[in-house]
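Thank you all for making the time this morning. I would like to walk through one model with you, going slowly enough that you can follow each point on the screen.

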Amino acid sequence: MIEIGNISKSFGERQVLSEVSMYLETGKVNMVIGQSGAGKSVFLKCLVGLTKTDAGEIIYDKRNFTEMNYLQKKDLRKEIGMLFQGGALFDSLTVEQNVIFPLEMFTNMSKAERIERANFCLKRVNLTNANKLYPAEISGGMKKRVAIARAIAMNPKYLFCDEPNSGLDPQTSIVIDNLIKEITLEYNITTVVISHDMNSVMEISDNIYFIFSGQKWWEGNREDLLRTDNKELCDFVYASSFMKEFKKSQNK
Amino acid sequence: MIFQIMSIFGKNAVMFKIFKEFSGYFFMLRKTFTRPQKMKIFFRRFFEEVEAIGLDSLGLVAILSIFMGGVILIQSAYNFQNPLIPAYAEGLATRDSMLLEFSPTIISLILVGKVGSSIASELGTMRVTEQIDALQIMGVDPMNYLILPKVMAGVFIIPFLIVISMFLGVYGGYLASVLTDAIPAGRYIYGIQYGFEPYYVVYALIKTVVFAFILTSVSAYHGYKTQGGALEVGRSSTKAVVYSTIVIIFFNLVLTKLLLN
């Protein structure tokens, strides 16, 4: 469980996040949605400490992240898995070495145990026979799967995904979405997904948070989302003409 | 503290920019020179970097050194045609030029172009593709993990390259004397043995260690702080070469004054 209390962030004169509060539940997929430039990625970076907040607090299971020193943050990060937009796989390492990397860095597992664990994680994301390939030799969808395998290798308590479907075709997107959902339930992880893909939202989200102009504008679940009359949220969800027509027909 | 300094210099002042660069560089060094999280991984990365920085540059250093030695000899022979100039002049000039300046300084500057730009573009690409963020999220200290092996490997292996360069440069002079008839080979050998000062090698190696540290750390600094995309990676790489070159030339003057005074 992650509690976020009134976090704010500005870059110079520009206020990017303004008093955002959320309660991100364990074992659920907590989805943060919003337009490009709304502050979603900054929000995620604040959560993991890549960007320092100006005000507010972030509490990971009763541990106040904002008050931690450098070493305490470093320790907490060992419980975090993160899926970056582009995968962020290490170019110089093979698929297997990418998954092994955190195990080698932070555990005292033997080489055989590390390989076994890496193979287990890669099998879990349905990726076999790619162990010896380099990131440049695999497709975008495979990269995302390797990134998920790397993120779960250390049995994280928290999983953060920054636009996991960007650059993927609809079918592969659903595969990645379902994988995130399954892993969240299987390992009882607190998962936070940043997205503006409405297919993902409807497919896997348990809790939805809509960020608009740096503020948390709306929160609810999938059913609430379909019934909402919040103007800004409706403009975002039903942006295309097709969806607008769909909404009108729903209202009738 | 930083805001007080900003108010002294003014936000856009050149002095403030210089201060910011220096403080950023020294902050990076402070974070880099900490105990590695796992020594086994550090040593593995160290030897990978020794290969990338040192062994992969050996061919270039060898070719350049042989040709530089040859050219110095031919130019010396061309200029020293007065019968009053002693017989050892050409060999001595070639040897001392290689030892004092060409091997430690010129080879280091050439390595800035090869190794420095490669370090900056590697780290810059890692930065813009979020690989450095990924390391940080995992709880790895990226500066220590990425930069320390590069700096240590550079400081370790580049002096070996320079010693090889000295030998090959002097040998290049010998080849030129044999192949071009610039001077008789025996006269050249007499010249390179005449009045040898072992301290010159020590002086060259001290300079090399300092230059190796500068070229690896300055390049790493520019690569690491890259922000943006592919264009900025190119810019960082260029900046790394320009700044490393300037700093090396400055320290060349300072060290020469201090060590040969």
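Let me begin with a question: where in chain A is the place of A:Asp61? Before I answer, please keep in mind that what you are looking at is a predicted model. A:Asp61 sits in the loop that runs between strand S4, residues 55-60, and strand S5, residues 63-64, of chain A, and A:Lys62 has its place in that loop between S4 and S5 as well.

What draws my attention to this loop is the backbone. Most residues other than glycine have a negative phi. A:Asp61, however, has a phi near 45°, which is a positive value, and A:Lys62 also has a positive phi, near 70°. As for their surroundings, A:Asp61 counts as partly exposed because it has 13 C-beta neighbours inside 10 Å, whereas A:Lys62, with 7 other C-beta atoms within 10 Å, is exposed.

Let me now step back to chain A as a whole. This chain contains 10 helices and 10 strands, and its C-alpha trace spans about 60 × 40 × 30 Å along the principal axes. For 252 residues, a compact globule would be expected to have a radius of gyration near 18 Å, and the 19 Å of chain A agrees with that. Buried residues account for 40% of the 252 residues in chain A, and of the contacts between residues at least 6 apart in sequence, 66% join residues at least 24 apart.

One example of residues far along the chain being brought together is A:Leu133, whose C-alpha atom is separated by 8.1 Å from that of A:Glu96, although the two are 37 residues apart along the chain. A:Leu133 lies in the loop between helix H4, residues 111-124, and H5 of chain A, and it counts as partly exposed because it has 15 C-beta neighbours inside 10 Å. If we leave aside neighbours within four places in sequence, A:Leu133 is in contact with A:Thr94, A:Val95 and A:Ile138.

Turning to helix packing in chain A, the axes of helix H5, residues 140-152, and helix H6, residues 170-187, come within 10 Å and cross at roughly 10°, which makes H5(A) roughly parallel to H6(A). The contact is made by A:Gly141, A:Lys144, A:Ile148 and A:Ile152 on the H5(A) side, and by A:Thr172, A:Ile176, A:Leu179 and A:Ile183 on the H6(A) side. By class, these residues are five nonpolar, two polar and one charged.

Chain B offers another helix pair, in which the axes of helix H3, residues 39-54, and helix H7, residues 142-180, come within 8 Å and cross at roughly 45°, so that H3(B) and H7(B) are oblique to each other. Their crossing is right-handed. Among the residues that meet here are B:Phe42, B:Phe46 and B:Ile53 from H3(B), and B:Phe156, B:Ile157 and B:Leu161 from H7(B). The residues of this contact divide into 12 nonpolar, two polar and three charged.

Finally, let me come to where the chains touch: how many residues of chain B are in contact with chain A? There are 13, and they are in contact with 16 residues of chain A. Helix H6 of chain B, residues 131-138, gives the most to the chain B side, with six residues. That side of chain B has five nonpolar, five polar and three charged residues.

How values were computed. Residues numbered from 1 in each chain as written. Chains lettered and ligands numbered in written order. Predicted model: local features only at pLDDT ≥ 70, side-chain atom pairs only at ≥ 80, totals over all residues. Helix = DSSP H or I, 4+ residues; strand = E, 2+ residues; numbered from the N terminus. Rg over C-alpha atoms; globule rule 2.2 N^0.38 Å. Buried ≥ 20, exposed ≤ 12 C-beta atoms within 10 Å, placed from the backbone. Contact = placed C-beta atoms within 7 Å. Nonpolar A, V, L, I, M, F, W, Y, C, P; charged D, E, K, R; others polar. Axes fitted to C-alpha atoms, helices over the stretch in contact; angles between N-to-C directions. Parallel < 35°, antiparallel > 145°, perpendicular 65-115°, else oblique. Left-handed = near helix turned anticlockwise from the far one by under 90°.
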